[in-house]
Amino acid sequence: ALVAQPFADARYLQGRPSAANDDPMSAAGSNQARSNPDLQARIAKATADVAAREGIAPADVPKDLVTQSGSGLDPHISPEGARVQVARVAKARGMSADAVQAIVDANTEGRQFGVLGAPRVNVLRLNLALDAARR
């Protein structure tokens with residue numbers, strides 16, 4: 001649960017892209033500067049891909065769904081990153097969007113110690129909770 005894991009099926013929420021290909025033995029960020037044309041092209045393509053997958057406008061794609069974390073293995077996404085995936089996951093699972101959103105809300109962690117960082121969702125734990133809800 002502390003290391004990102006890939007999910008390909010439409011029934012699951014997707015995490016952040018990984019510079020390490022989700023391999024904990026090669027944890028690293030891409031180390032590309034924001035001005036790097038390759039990074040800009042990768043982000044533009046990823047934004048278009050996520051927008052198409054989720055049926056939303058590219059401007060509505062949360063940045064954490066198209067940018068890599070410093071370690072390349074961050075298991076968390078923002079609540080917004082989870083929210084834009086709710087409709088797709090609900091449809092693939094035959095659940096209502098409200099039911100999936102309730103599971104997202106129940107698995108949203110607050111700021112650490114109430115002040116550090118931002119609210120976040122652990123993708124693995126959320127996907128396991130979605131699987132458990134269907135039993």
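Tutor: Let's fix a term before anything else: buried means under 20% relative accessible area, exposed means over 50%, and partly exposed is in between (1.4 Å probe, protein chains only). What you're looking at is a predicted model, where local features need pLDDT of at least 70, side-chain atom pairs count only at pLDDT 80 or more, and totals for chains, interfaces and linings use all residues. Residues are numbered from 1 along each chain as its sequence is written, and side-chain values use heavy atoms, with hydrogens and water left out.

Student: Okay, is Thr47 buried or exposed?

Tutor: Thr47 sits in helix H1, residues 37-54; helices here are DSSP runs of H or I with at least four residues, strands are runs of E with at least two, and both are numbered from the N terminus. Its relative accessible area is 14%. The cut-off for buried is under 20%, so Thr47 is buried.

Student: Which residues does Thr47 touch, beyond its neighbours within four places in sequence?

Tutor: Contact means heavy atoms within 4.5 Å. With neighbours within four places in sequence set aside, the partners of Thr47 are Pro58, Val61 and Val66.

Student: Zooming out, in what order do the elements run from the N terminus on?

Tutor: The protein has 5 helices and 3 strands. Reading from the N terminus, the order is α-β-α-α-α-β-β-α.

Student: And what share of the residues counts as buried?

Tutor: The chain has 135 residues, and its accessible surface is about 7,600 Å², 55% of that from carbon and sulfur atoms (Shrake-Rupley method, 1.4 Å probe; for residues, only the protein chains shown count as cover). The buried share of the residues is 36%.

Student: How are the strands ordered in the sheet, and which ones are at the edges?

Tutor: Two strands pair if DSSP finds at least two bridges between them. The open sheet of 3 strands has the order E1-E3-E2, paired antiparallel. Strand E1 (76-77) and E2 each pair on one side only, making the edge strands E1 and E2.

Student: Which residue in E3 is the bridge partner of Glu109?

Tutor: E2 and E3 run antiparallel and are joined by 2 bridges. On the E3 side, the partner of Glu109 is Arg120.

Student: What about charges: how far apart are the closest N and O atoms of Glu109 and Arg125?

Tutor: Side chains of opposite charge can pair when their charged atoms come close. The rule for a salt bridge is a side-chain nitrogen of Lys or Arg within 4 Å of a carboxyl oxygen of Asp or Glu, and Glu109 forms one with Arg125. That pair links strand E2, home of Glu109, to helix H5, home of Arg125, 16 residues apart. The closest N and O atoms are separated by 3.9 Å.

Student: Why does the salt bridge of Asp131 with Arg93 tie together separate parts of the chain, and how many residues apart are they?

Tutor: Asp131 is buried at 19% relative accessibility, and Arg93 is buried too, at 7%. Their closest N and O atoms are 2.8 Å apart. Asp131 lies in helix H5 (residues 123-133) and Arg93 in helix H3, so the two parts they tie together have a sequence separation of 38 residues.

Student: Is Glu54 buried or exposed?

Tutor: Glu54 meets Arg53 in a salt bridge at 2.6 Å, N to O. Arg53 comes out as partly exposed at 35% relative accessibility. Glu54 has a relative accessible area of 10%, so it counts as buried.

Student: Then which backbone oxygen does the side chain of Arg88 reach?

Tutor: Arg88 is in helix H3 (residues 86-93) and is buried at 13%. A polar contact is a pair of N or O atoms within 3.5 Å; within protein, one must be able to donate a hydrogen and the other to accept it, and residues adjacent in sequence count only if both atoms are side-chain atoms. At 3.0 Å, the side chain of Arg88 reaches the backbone oxygen of Tyr12.

Student: Last one: how much accessible area does the nonpolar patch of Phe113, Val115 and Leu116 have together?

Tutor: Patches use residues with over 30% relative accessible area and no salt bridge, joining like charges within 9 Å and nonpolar side chains (Val, Leu, Ile, Met, Phe, Trp, Tyr) within 5 Å. Phe113 lies in the loop between strand E2 (108-109) and strand E3 (120-122), and it counts as exposed at 69%. Together, Phe113, Val115 and Leu116 have an accessible area of about 360 Å².
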